[in-house]
Amino acid sequence: MTPLPTATDCRNKTKVVEKGCQLCPRRCSARRRAGERGICGADDSLRVARAALHFWEEPPISGWGADAADGGACGSGAAAQGGARDGAMARGGGARDGGARDGGAVAQGGACGSGAAAQGGARDGGAVARDVAATRSGDNARAGSGAVFFCNCPLHCVYCQNQAISSGLAGAAISVRRLADIFCELQAQGAQNINLVTPTQYLPQIRRALTRARRAGLHLPIVYNTSGYERPELIATLAGCVDIFLTDFRYATAELATRYSQAPDYPQVALAALQVMRQVAGDYRLDSAGILKSGIIVRFLLLPGHLEEARQALATVFSLLKNEVCYSLMNQFTPLPELERHPELNRSVSDDEYDALIDFALELGITNSFMQEGATASESYIPPFDLTGVLVGL
Ligand code: SF4
């Protein structure tokens, strides 16, 4: 286990951009201050594509209110959320297999967000779940996560659902001061957290902006929303700065990590980073309204034809962290035109594949999880990267 760093370590580590960037596991040494771009595509400018309330994360992040549930759109957690609201969670389980075991799956879905909802769903079906949701939707209805979408990305997966920003084509350069203002504006809009989406390549600027925003009254939990491809040493520097990690665990094998992300070291690097995230974020902790205040949600995006890889990834993380974290099983993979060179990925995930992954999660003993309903596989879950909330007046 990597020991947490001293304050001096933190200061030194966040200066790496000045001497050639080492912020992510690529460690490409781009001299960004001199105008060079790294493998991630970032140079010295801080680029953001969207800053707005976001309702499509897992319910403990986005809230249990009407917007998220209606979304159907909800990426992760749609099943759990839908169930909490109108029985869809129970229905989802029934539709898949109809058996008692799926009652357990429903319970698992809710367990992540709310033990009460989970028990309700499992014991009494949708009606009880609805009641719980009615209680839950009070203060958090329509709250949303204060998502800031940063441009560029160190991982560059071939199937990236956010290529408009990961490729650097969208977005605008802003100052650290403006980023601090954005954080405060999202808080004023009612966000229940600040959700830093793909932040790694801008860590020094984000730290400065957070410090500035805290001085101006920012008090929300900070969510670090990442592909999981992170240097453990850098994650350790986030102690006291980040409260929640919303992280992927994409590959169990170097083979697939190489084929789709040119990152053969992903499995061991991401696993080491996850261990440090556990230290930094502490226990999975919800408030009385089911909103996450600290802890980790690990996402597993099932790729078509790669059920075994997803099983292995799930088993790897569960062997390390058991039910100390929440598991988000995602079937929302969307085939995009850019995937012509990878025809095996040119389809959605089948119900059979996804059901098999859920079954496997149950067999492992996972009790904190979210699953998605089939309709979540749609490009409509990708928000418009139109500079909303980025520039003053937009
Ligand atoms: S964050 Fe970007 S510039 Fe820095 S090491 Fe990673 S790929 Fe290179």
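## Close-up legends

**View A. H14 and H15 cross in a right-handed manner.** Like every view here, this close-up is taken from a predicted model. H14 packs on helix H15, residues 307-321, at an angle of about 35°, and the two axes are 11 Å apart. If you would like to pick out the contact yourself, look for Leu271, Leu274, Gln275 and Arg278 on the H14 side; on the H15 side they meet Thr316, Val317, Leu320 and Leu321. Sorted by class, the residues of this contact are 5 nonpolar, 2 polar and 1 charged.

**View B. H15 also packs against helix H16, residues 351-364.** Here the angle is about 25°, and the axes lie 10 Å apart. Angles under 35 degrees count as roughly parallel, so H15 is roughly parallel to H16. The crossing of H15 and H16 is right-handed. From H15, the contact takes in Leu307, Ala310, Arg311, Leu314, Ala315 and Phe318; from H16 come Glu353, Ala356, Leu357, Phe360, Ala361 and Leu364. The class count for H15 with H16 is 10 nonpolar and 2 charged residues, with no polar ones.

**View C. Helix H10, residues 176-188, meets helix H11, residues 203-215.** Their axes are 8 Å apart and make an angle of about 55°. H10 and H11 are therefore oblique to each other. Their crossing is right-handed. On H10, the residues to select are Val176, Arg177, Leu179, Ala180, Phe183 and Cys184. Their partners on H11 are Gln205, Arg208, Ala209, Leu210, Arg212 and Ala213. Of the residues in the contact of H10 with H11, 8 are nonpolar, 1 is polar and 3 are charged.

**View D. Val148 belongs to the largest nonpolar core, which has 99 residues.** Which members of this core touch the most other members? They are Val148, Phe300 and Leu302. Helix H14, residues 266-281, gives the most to the core, with 8 residues. Zoom in on valine 148 and you will find Val48, Ala51, Ile182, Ile194, Asn195, Leu196 and Val197 touching it, once residues up to four places away in sequence are left out. For the wider setting, the chain has 16 helices and 10 strands, and buried residues make up 53% of its 394 residues. Among contacts between residues at least 6 apart in sequence, 72% join residues at least 24 apart.

**View E. Asparagine 152 and glycine 171 have C-alpha atoms separated by 9.4 Å.** Along the chain, the two are 19 residues apart. Asparagine 152 sits in the loop that runs between strand S2 (145-150) and helix H9 (163-166), while glycine 171 is found in the loop between H9 and strand S3 (172-174). Is asparagine 152 buried or exposed? Asparagine 152 counts as buried because it has 23 C-beta neighbours inside 10 Å. Glycine 171 is buried as well, with 21 other C-beta atoms within 10 Å. Apart from residues up to four places away in sequence, glycine 171 touches Arg47, Val48, Ala49, Cys151, Ile165 and Phe385. The backbone deserves a look too: asparagine 152 is not a glycine, yet its phi is positive, at about 70°. Most residues other than glycine have a negative phi.

**View F. Serine 29 is another residue with a positive phi that is not a glycine.** What is the phi of serine 29? The value is about 65°. Serine 29 is placed in the loop between helix H1 (7-13) and strand S1 (46-54). Its 13 C-beta neighbours inside 10 Å mean that serine 29 counts as partly exposed.

**View G. Aspartate 243 lies in a loop, between helix H12 (232-236) and strand S6 (244-248).** Despite the loop setting, aspartate 243 counts as buried because 21 C-beta neighbours fall inside 10 Å. Where does the chain come back towards aspartate 243? Try valine 223, which is 20 residues apart from aspartate 243 in sequence and 6.2 Å apart in space, C-alpha to C-alpha. Setting aside neighbours within four places in sequence, the contacts of aspartate 243 are Pro221, Ile222, Ala281, Lys293 and Ser294.

Notes: Residues numbered from 1 in each chain as written. Predicted model: local features only at pLDDT ≥ 70, side-chain atom pairs only at ≥ 80, totals over all residues. Core = buried A, V, L, I, M, F, W, Y, C linked by C-beta atoms within 7 Å. Buried ≥ 20, exposed ≤ 12 C-beta atoms within 10 Å, placed from the backbone. Helix = DSSP H or I, 4+ residues; strand = E, 2+ residues; numbered from the N terminus. Contact = placed C-beta atoms within 7 Å. Axes fitted to C-alpha atoms, helices over the stretch in contact; angles between N-to-C directions. Parallel < 35°, antiparallel > 145°, perpendicular 65-115°, else oblique. Left-handed = near helix turned anticlockwise from the far one by under 90°. Nonpolar A, V, L, I, M, F, W, Y, C, P; charged D, E, K, R; others polar.
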